[in-house]
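This report is for a reader who is new to the entry. Please look over the sequence and the structure before reading on.

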Amino acid sequence: MRVRVDAQRCQGQNRCYALAPEVFDVDDLGQALVIATGSIPQSLEARVRLAAANCPERAITVSDDD
Amino acid sequence: MTKPAPPPQAPVGDWATDFDLAEPEYNERAVEIWSDLRSRCPVAHTTRYGGAWLPVRHEHIRQIAYDTEHYTSRGVVVGNLRPIVPGPAGAAPPITSDPPFHGEARRLLLPAFAPKRIALLEPDIRLLCQRQLAKLGSVSAGDQIDAAVDYAQQVPGAVMARLLGLPETDHELFRGFVHDLLEGVNLPEDEMARRRDRFDAYLDEQIAAHRRAPQDDLTTFLSEATIDGQPLAPQHVRGTIALLLLAGIDTTWSLLGSSLHHLATHQADLKRLRENPSLLPTAIEEFLRAYAPATMARLVKQSHDFHGHAFQEEDWVLLPFAAANRDPEVFERADEILIDRAVNPHAAFGLGIHRCLGSNLARLELRVALEEFLARFPSFEPGDEAVRWSVGQIRGPRRLSLRLLEVQNPIAPETTIPRTEYTRSRS
Ligand code: HEM
Ligand code: SF4
């Protein structure tokens, strides 16, 4: 699974960082970024999906590995 | 003023065609009113305030919050007059600013409110809460307290005084200003102007004192801040400080009160949180969803059609985020309060570019204030006096009588609370 944050949509609500800090971080302006590189380990997939479902700005997209 | 004076206020007949947020009935019965409007309307209208609209569906509220082309934030609190402010900033940047100036005014403040910076404040906030609980004095099981006045209201005021470096003893004073401005929509305009002038004079005095003796606080930070190398205009500095007081106190106070009210009236949830405190952050998100305190307004820039409704230039449009949060099209079991709700993309802090700048601070205050309250009072139930709700765009209990069923000794904090380096510390 892969995950992406759309920087245009993200308004720094920080739900993703609270729910899955292993995968998301926030910068000095509160903007989210994905810190996990490459494919998301299976053990974190459920939490990444939860983070995406909790983003009020609908800024997080998850997709299957190509 | 661009619209004629409003007709004298009368009780609301039909909420779909004649709503009024300044009627006490609105906040008391809000959940029923939204649900009724959602099924038969779903964009209510009133001719009061020179014309205003109230959408209640998530999709509509979302659409307007994201659309800065058709709507301006020049006015975010409904009144009988439209604010006249020259320039891009509006009276209280960034909340009253539109793009592109909004982005600059907001970027300036973002670092001070970013999650990692805010997390540093936890020990200070905890001490402020403990001190407030100690101030209740010797209470024992069976006694009643007003949790809205004696606790929920005190915490955010004390936190904002600290962040802004305002004298802690002024806390009553500026809470009075905030109340005057937020709950006085239908007062005569000259009375509102007098209240605004008093608030401005107070803030000017504080800013001047900080210029003479700079401190490690947000007032000093704003007085020294620049945009494109230019210091901020004095009205910008004052407007932003006023905004932080206006936006940071009644909102947090309201949600803290609503959360305590919920727990008093839902003993199973109270028991569950007592036994499993790690559920608290999830429960707070659910309280934010269901009791979202803030309704913001916009003004229509140019007349246009909105899903069959003729929005006129300078009409008010309200954004009741709590109504969006209870829309069954977006939330399952929307009117039930499930403190372990896992999927909860609520809009309590707004949507789009004006997303609450204080959301990380508000979440921290709410968690710490509830943890400390539950530590001192593990068990409580509704007291004898009925809950009294606020009037206007910020919804929450203003009187909340609780009967304490179990009381722990207060933790006596030191009288002076050490100040965590915050605004200037950059690691
Ligand atoms: C539970 C507590 C709170 C709630 C529910 C809340 C809600 C909101 C909402 C809905 C907005 C969006 C305004 C709009 O769309 O026009 C907003 C903006 C804002 N809030 Fe909060 N707020 C809370 C606490 C705070 C605190 C503690 C602070 C500050 C210290 C704060 C500062 C601000 C500021 C500065 C803005 C304007 C941001 C901008 O325009 O870019 N809020 N808040
Ligand atoms: S939850 Fe959404 S809006 Fe919030 S920081 Fe994450 S990506 Fe950004």
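The sections below cover confidence, the two ligands, a pocket and some backbone details.

## Confidence of the model

The structure is a predicted model. Its scores are ipTM 0.94 and pTM 0.94. For chain B the average pLDDT is 91, and 94% of the residues score at least 70.

One stretch of chain B scores lower: over residues 1-7 the pLDDT stays under 50. For these residues the model has 11 contacts beyond four places in sequence.

## The iron atom of ligand 1

Ligand 1 contains an iron atom, and B:Cys356 is its only protein donor. The donor atom is SG, at 2.3 Å from the iron. In chain B, the loop that holds B:Cys356 runs between helix H16 (321-325) and H17.

## The surroundings of ligand 2

There are 13 residues around ligand 2. Those that come nearest are A:Cys10, A:Gln13, A:Asn14, A:Cys16 and A:Cys55. Sorted by class, this shell has seven nonpolar residues, four polar ones and two charged ones.

## The second largest pocket

The volume of the second largest pocket is about 640 Å³. Its lining consists of 23 residues, and the closest to the pocket centre are A:Asn14, A:Ala18, B:Pro281, B:Glu285 and B:Arg363. Several helices give two or more residues each to this lining. From chain A these are helix H1 (15-19) and helix H2 (42-54). From chain B they are helix H5 (115-119), helix H15 (280-290) and helix H17 (359-376).

By class, the lining divides into 11 nonpolar, five polar and seven charged residues. A:Asn14 belongs to two of the lists in this report: it is named among the residues that come nearest to ligand 2, and among those closest to the centre of the second largest pocket. Helix H17 of chain B, which contributes to the pocket lining, also bounds the loop in which B:Cys356 is found.

## Backbone details in chain B

Two peptide bonds between prolines are cis. One goes from B:Pro93 to B:Pro94, with omega near 5°. The other goes from B:Pro99 to B:Pro100, with omega near 0°. B:Pro94 lies in the loop between strand E3 (71-72) and helix H4 (101-113), and B:Pro100 is likewise placed in the loop between E3 and H4.

B:Tyr49 is not a glycine, yet its phi is positive, at about 55°. This residue sits in the loop between strand E1 (43-46) and strand E2 (52-55) of chain B.

Notes. Residues numbered from 1 in each chain as written. Chains lettered and ligands numbered in written order. Predicted model: local features only at pLDDT ≥ 70, side-chain atom pairs only at ≥ 80, totals over all residues. Heavy atoms only, no water. Near = heavy atom within 4 Å. Nonpolar A, V, L, I, M, F, W, Y, C, P; charged D, E, K, R; others polar. pLDDT = per-residue confidence, 0-100. Contact = heavy atoms within 4.5 Å. 1 Å grid on protein atoms, 1.4 Å probe; cavity = no way out; pocket = protein on both sides within 12 Å on 5 of 7 lines; lining within 4 Å. Points joined across faces, edges and corners; volume = space filled by probe spheres on them. Helix = DSSP H or I, 4+ residues; strand = E, 2+ residues; numbered from the N terminus. Donors = N, O, S within 2.8 Å, 3.2 Å for Na, K, Ca; no water.
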